[in-house]
Amino acid sequence: MRSAVQIASDVRSGATTAEAEMASSLEAIRARNDELNVFLFVDEEGAINVARRVDERVARGENAGQLAGVPIALKDNLCQVGVPTTAGSRILQGWLPPYNATVIERVLAAGAVPMGKTNMDEFAMGSSTESSAYGPTRNPLDPSRVPGGSSGGSASAVAADMTPMSLGSDTGGSIRQPAAFCGLVGVKPTYGLVSRYGLIAFASSLDQIGPFAKNATDAALLLEVIAGHDPMDSTSLPEPAPSLVSHVNDGVAGRRIGVVRELYEGADDEVVAEVERAAAALRDAGATIVELSVPEFRLGLSAYYLIAPAEASSNLARYDGVRYGLRVDAEDVAAMNEATRTAGFGAEVKRRIMLGTYALSAGYYDAYYGQALKVRTQMIDAFRRAYQEADLLLGATAPSVAFTLGAKSSDPLAMYLSDVFTIPTNLAGDAALSVPFGTGDTGLPVGVQLVGPGRSEAQLFAAARVLELADGRS
């Protein structure tokens, strides 16, 4: 599939049409969706209507937008008017949002063509897209393996050439880890850079929406489109979207890049080898490589699995069988509420709700949740110190390449460890991305992670582009 930048250019010039690009995307979805279970809902009618409006703008000589005619896939926790939106849960089956998420408004304004909603771990709680109420998604590169999670459907849509770009959400690695497993660029923006309005919340202080794409330039373009202040989100940074595409080819000459031991220790040998090779490639491109150790990062997993479930237990209290979504009738309101939540939530969501409620309960708040918040502060301080020694940090995105379906689904701790290298950045609210670099022994892609301070996305894309070129990617 051609790049999003090329498709948009061709549509604007009249070399192709948005409707033709939409039809090509729809054909690719039909060819493999039954096999891979990528899309939960394909919005064929909506896509046709949007594509025709883009083509009408082009015919009138108007600017059709930065993403003119580019098909895009949307994670199923992004609200879209009149389009089924489930967050991968039975409790929202059949719900039709009455409004659009801000990011959807922005991609539509830029001329993109939403093709439908992609599968995900239920309420974004998972690392493999196996906890979806609608069945697992398979990795297009090897259907016996997982695509990662929780944004596995959005990653698979791009990896399977169903769409050239997609949107996911990242709470503890849910964009970067699937990007690594599927051989894509995946970005977790600085907290507040992208509006969360219309994102079905998992953990509000950690969630961020971000792009998947085949290359750094396409990812930078999509992030430019969706970023910028939104008055509908009280945590939105009060500044316009940054210029990113113009900096993709800035290179890394003169940059200090810290290779952080705790961001790759314990990873499989094949992953460690690619991190070391990536460091060498950045050095060859003019960067200074600094070896760093940040012991606080080892505490990230423990703190995250108290903070995130605590926020989830609060956010998911709204699903009570009264206002919207599933309702299981019973003899009184309390029984109805219990029956609805019992039937509507899956095992992983129930596990995290119970863990979070326990951590917030009287007598345990200070011992668990309060301590986790202190660790989070230590994490933020540790990042600040690291950025005094390096401009960007380098490590692994995930400890391994994509694992087989079912390999970790019965062992929650093993599944949680899939995000051990991505979680620290979410706790700090900083920027990070995963870029494919090399392959493991099985031929599956390895993702290396680049991490930077808040608002460092332009530097991250420049470093990612250096690695793409060093790895022989166009």
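## Helix H7 and its surroundings

At the start of helix H7, a side-chain oxygen of Asn215 comes to within 3.1 Å of the backbone nitrogen of Thr217. The model in which this contact is found is a predicted one. Helix H7 covers residues 216-226, and 10 of its 11 residues are buried, so the helix is largely enclosed by the rest of the structure. The buried positions are Ala216, Asp218, Ala219, Ala220, Leu221, Leu222, Leu223, Glu224, Val225 and Ile226. Just after H7, Gly228 adopts a positive phi of about 110 degrees.

Helix H7 lies across four strands: E2 (71-75), E4 (165-170), E5 and E6. Relative to E6, H7 runs at about 145 degrees.

## The sheet

The strands crossed by H7 belong to an open sheet of 11 strands with mixed pairing. The strand order is E1-E3-E2-E4-E6-E5-E10-E11-E9-E7-E8. Its edges are formed by strand E1 (39-42) and strand E8 (288-292), each of which pairs on one side only. On average, neighbouring strands of the sheet are turned by 25 degrees against each other, direction ignored.

Within this sheet, E5 and E6 are paired in the antiparallel sense over 2 bridges. Gly186 stands opposite Phe212 in E6.

## Thr190 in the E5-E6 loop

Thr190 is located in the loop between strand E5 (185-188) and strand E6 (208-213). Its relative accessible area is 5%, and Thr190 is therefore buried, the cut-off being under 20%.

A polar atom of the Thr190 side chain lies 2.7 Å from the backbone nitrogen of Arg455. Neighbours within four places in sequence left aside, Thr190 is in contact with Gln208, Leu237, Gly429, Asp430, Ala431, Pro453, Gly454, Arg455, Ser456 and Glu457.

## Packing of H8 against H15

Two packed helices are described by the angle between their axes and the distance between the axes. For helix H8 (residues 269-284) and helix H15 (residues 457-470), the axes come within 10 Å and cross at roughly 105 degrees. H8 is therefore roughly perpendicular to H15, since angles of 65 to 115 degrees are classed in this way.

From H8, the residues Ala278, Ala281 and Leu282 meet Ala463, Val466, Leu467 and Ala470 of H15. By class, this contact of H8 with H15 comprises 7 nonpolar residues, with no polar and no charged residues.

Notes: Residues numbered from 1 in each chain as written. Predicted model: local features only at pLDDT ≥ 70, side-chain atom pairs only at ≥ 80, totals over all residues. Heavy atoms only, no water. Buried < 20%, exposed > 50% of the residue type's maximum accessible area, 1.4 Å probe, protein only. Polar contact = N/O pair within 3.5 Å; in protein donor to acceptor, adjacent residues only side chain to side chain. Contact = heavy atoms within 4.5 Å. Axes fitted to C-alpha atoms, helices over the stretch in contact; angles between N-to-C directions. Parallel < 35°, antiparallel > 145°, perpendicular 65-115°, else oblique. Nonpolar A, V, L, I, M, F, W, Y, C, P; charged D, E, K, R; others polar. Pairing = 2+ DSSP bridges.
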